[in-house]
Structure formats: C-alpha cells, structure tokens
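Student: Please take me through one small part of this model up close, and then work outwards from there. I'd like to see how the pieces around that spot fit together.

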Amino acid sequence: MRLSTTKGKISAIRFYGDYFGQKDISYLEKNLLNQPFIYEAIKEVLRDINVSDYIFRFSNKDLLSLLF
C-alpha cells in the first residue's frame, strides 16, 4: 500500500499486490480518498464496507491495524 496525506487528509492511496478480492479495489481506494487520516474517521468509512470483499482474508480490523 502507498498512502499520502496533505493537511491531515488522505490525498492519495493505492493498494498493490495479489490479494484476490471479489470486488474492484479502486472502490475501497476512492472511499478512503480525502478522508481525515484519523483512526475513528477511517473506522467510520469502513463501517459499511467489507474489506475482505476487496482483499481476500483481510478484515476491516486488519486494514485499520495496517494504517495505524
């Protein structure tokens, strides 16, 4: 994953790898883009998203741990 922030918000995010998700990872990236880079804000964005649909065997909790 590559992530950049500007003024406390995610200005760029890209996931790389062979993660065999069922859905297009760009949807997840677009939902995280321009969000405040704060644990609770990202957790709220992920509330309606099942990360394992995009990254096989990777949970929302796993993604939060990776980011923070």
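Tutor: Let's start at D53, which touches G21, Q22 and K23 once you set aside residues up to four places away in sequence. Keep in mind as you look that this is a predicted model. D53 and G21 are 32 residues apart along the chain, yet their C-alpha atoms are 5.4 Å apart in space. If you want to find D53 on the backbone, look in the loop between α2 (39-46) and α3 (60-67). Is D53 buried or exposed? Its relative accessibility is 18%, and the cut-off for buried is under 20%, so D53 counts as buried.

Now on to the helices, beginning with α1, residues 25-32. Four of its residues, I25, L28, E29 and L32, are buried. Those four span an arc of only 100° around the axis, so they sit on the same side of α1. And what covers them? The cover over the buried residues of α1 includes β2 (9-14), along with α2 and α3. So α2 and α3, the helices on either side of the D53 loop, turn up again as part of that cover. After α1 comes N34, which has a positive phi, near 70°.

Since β2 is part of the cover, let's look at its partner too. Strand β1 (residues 2-6) runs antiparallel to β2, and five bridges join the two. For a handy landmark in that pairing, L3 stands opposite I13 in β2. The hairpin these strands make has two residues between them, and K7 there has a positive phi near 50°.

Next, the aromatic rings. The structure holds three aromatic pairs. In one of them, F37 and F68, the ring centres are 4.7 Å apart and the planes meet at 25°, so this pair is stacked. The pair bridges distant parts of the chain: F37 is in the loop between α1 and α2, F68 is in the segment after α3, and 31 residues separate them. Neither ring is buried: F37 is partly exposed at 28% relative accessible area, and F68, at 41%, is partly exposed as well.

F68 has another ring partner in Y39; that pair is edge-to-face, with 5.6 Å from centre to centre and 70° between the planes. Here, too, distant parts of the chain are linked, as Y39 lies in helix α2 and F68 in the segment after α3, 29 residues apart. Y39 is partly exposed, with a relative accessible area of 35%. Put the rings together and F37, Y39 and F68 make up one aromatic cluster.

Last, a step back. The unreviewed UniProt entry places the feature "domain: Lipoate protein ligase C-terminal" at residues 2-67. Over that stretch, the chain is 36% helix and 17% strand, and the C-alpha atoms at its ends are 10 Å apart.

Note on methods
Residues numbered from 1 in each chain as written. Predicted model: local features only at pLDDT ≥ 70, side-chain atom pairs only at ≥ 80, totals over all residues. Heavy atoms only, no water. Buried < 20%, exposed > 50% of the residue type's maximum accessible area, 1.4 Å probe, protein only. Contact = heavy atoms within 4.5 Å. Arc of directions from axis to C-beta. UniProt positions renumbered as here; feature names shortened; annotations may be inferred. Phe/Tyr/Trp six-rings, centres within 6.5 Å; stacked < 30°, edge-to-face > 60°. Pairing = 2+ DSSP bridges.
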